Amino acid sequence: MLLLAFPLRAEDTGEQLVRQLFADMKAGNVLAIEAIISPAFQSIHQDGPRDRQQEIALVEHLNMGSLVLGDFVETREGNVLVVTYSVSTDERIAGERLSGNPARRLTVFLQTSEGWRWIAHANLQSMG
């Protein structure tokens, strides 16, 4: 069953939210991404910033291979959850194959009355 956002549960953690986000990206589940991504979303990648629609377009063509997530650190203040972690994956962004070496990421979620919304993302993986 597809929900409009990640439902809020007391036991949810940033790690769980990020793992679900990456599972949806890897599966190409664009509907799940559209359901959680905030209208105010912004990301930064080596090739520049993306807004909500641009990030959805990136996810549609991501073609992600093997995936390893780890080194999670999270902080929460009120309804904002900030998560940093490492990602090792084979992926293409803007048609370029990125190194499968581990790289740091930062993802920010906002708790709303409808559940979690994905509001910001930084991909520190070097392209090329």
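The chain has 3 helices and 8 strands, where helices (H or I, at least four residues) and strands (E, at least two) are DSSP runs numbered from the N terminus. The model is predicted, and local features need pLDDT of at least 70, side-chain atom pairs count only at pLDDT 80 or more, and totals for chains, interfaces and linings use all residues. Residues are numbered from 1 along each chain as its sequence is written, and side-chain values use heavy atoms, with hydrogens and water left out.

**The whole chain**

Display the complete chain and follow the elements from the N terminus: their order is α-α-β-β-α-β-β-β-β-β-β. Of the 128 residues, 42% count as buried; buried means under 20% relative accessible area, exposed over 50%, and partly exposed in between (1.4 Å probe, protein chains only). The chain exposes about 6700 Å², and carbon and sulfur atoms supply 54% of that area. Accessible areas come from the Shrake-Rupley method with a 1.4 Å probe, and for residues only the protein chains shown count as cover. Among contacts between residues at least 6 apart in sequence, 57% join residues at least 24 apart; a contact means heavy atoms within 4.5 Å.

**The sheet**

Next, select the strands of the open sheet. Its 6 strands stand in the order 2-1-8-7-4-3, and the pairing is mixed; two strands pair if DSSP finds at least two bridges between them. Strand 2 (48-51) and strand 3 occupy the edges, each with a single partner strand, so one side of each is left without a neighbour in the sheet. Neighbouring strands of this sheet are turned by 20° against each other on average, direction ignored. For such angles, axes are lines fitted to C-alpha atoms, for helices over the stretch in contact, and the angles run from 0 to 180 degrees between N-to-C directions.

Begin at the edge formed by strand 2. Strand 1 (residues 37-45) pairs with strand 2 in the antiparallel sense over 4 bridges. Select Ile 44 here: the residue opposite is Pro 49 in strand 2.

Move then to the edge formed by strand 3. Strand 3 (residues 67-77) runs antiparallel to strand 4 (residues 80-89), and 9 bridges join the two. Within this pairing, Val 73 stands opposite Thr 84 in strand 4. The hairpin of strand 3 and strand 4 has 2 residues between the strands, and Gly 78 takes a positive phi near 60° there.

**Helices across the sheet**

Add helix 1 (residues 14-27) to the view. Helix 1 lies across strand 3, strand 4, strand 7 (103-112) and strand 8 (115-123), and runs at about 135° to strand 3. Now select helix 3 (residues 52-60), which lies across strand 1, strand 2 and strand 8 and runs at about 70° to strand 1.

**The aromatic pairs**

A search of the whole structure finds 3 aromatic pairs. Rings of Phe, Tyr and Trp (its six-membered ring) pair if their centres lie within 6.5 Å; planes under 30 degrees apart count as stacked, over 60 as edge-to-face and the rest as tilted. Select Phe 22 and Tyr 85, an edge-to-face pair with 5.9 Å centre to centre and 85° between the planes. The pair links distant parts of the chain, with Phe 22 in helix 1 and Tyr 85 in strand 4, 63 residues apart. Phe 22 is buried at a relative accessible area of 1%, and Tyr 85 is buried at 0%. Add Phe 72 to the selection, since Phe 22, Phe 72 and Tyr 85 form one aromatic cluster.

**The salt bridges**

Finally, show the charged side chains. The count comes to 3 salt bridges, a salt bridge being a side-chain nitrogen of Lys or Arg within 4 Å of a carboxyl oxygen of Asp or Glu.

- Glu 15 and Arg 19 meet at 2.9 Å, N to O. The two residues are 4 apart in helix 1, and therefore separated by about one helical turn. Glu 15 is partly exposed at 31% relative accessible area, as is Arg 19 at 36%.
- Asp 47 bridges to Arg 50, the closest N and O atoms being 2.9 Å apart. Asp 47 is partly exposed at 39%, whereas Arg 50 counts as buried at 11%.
- Glu 114 bridges to Arg 117, with the closest N and O atoms 3.9 Å apart. Glu 114 is partly exposed at 47%, whereas Arg 117 is buried at 17%.
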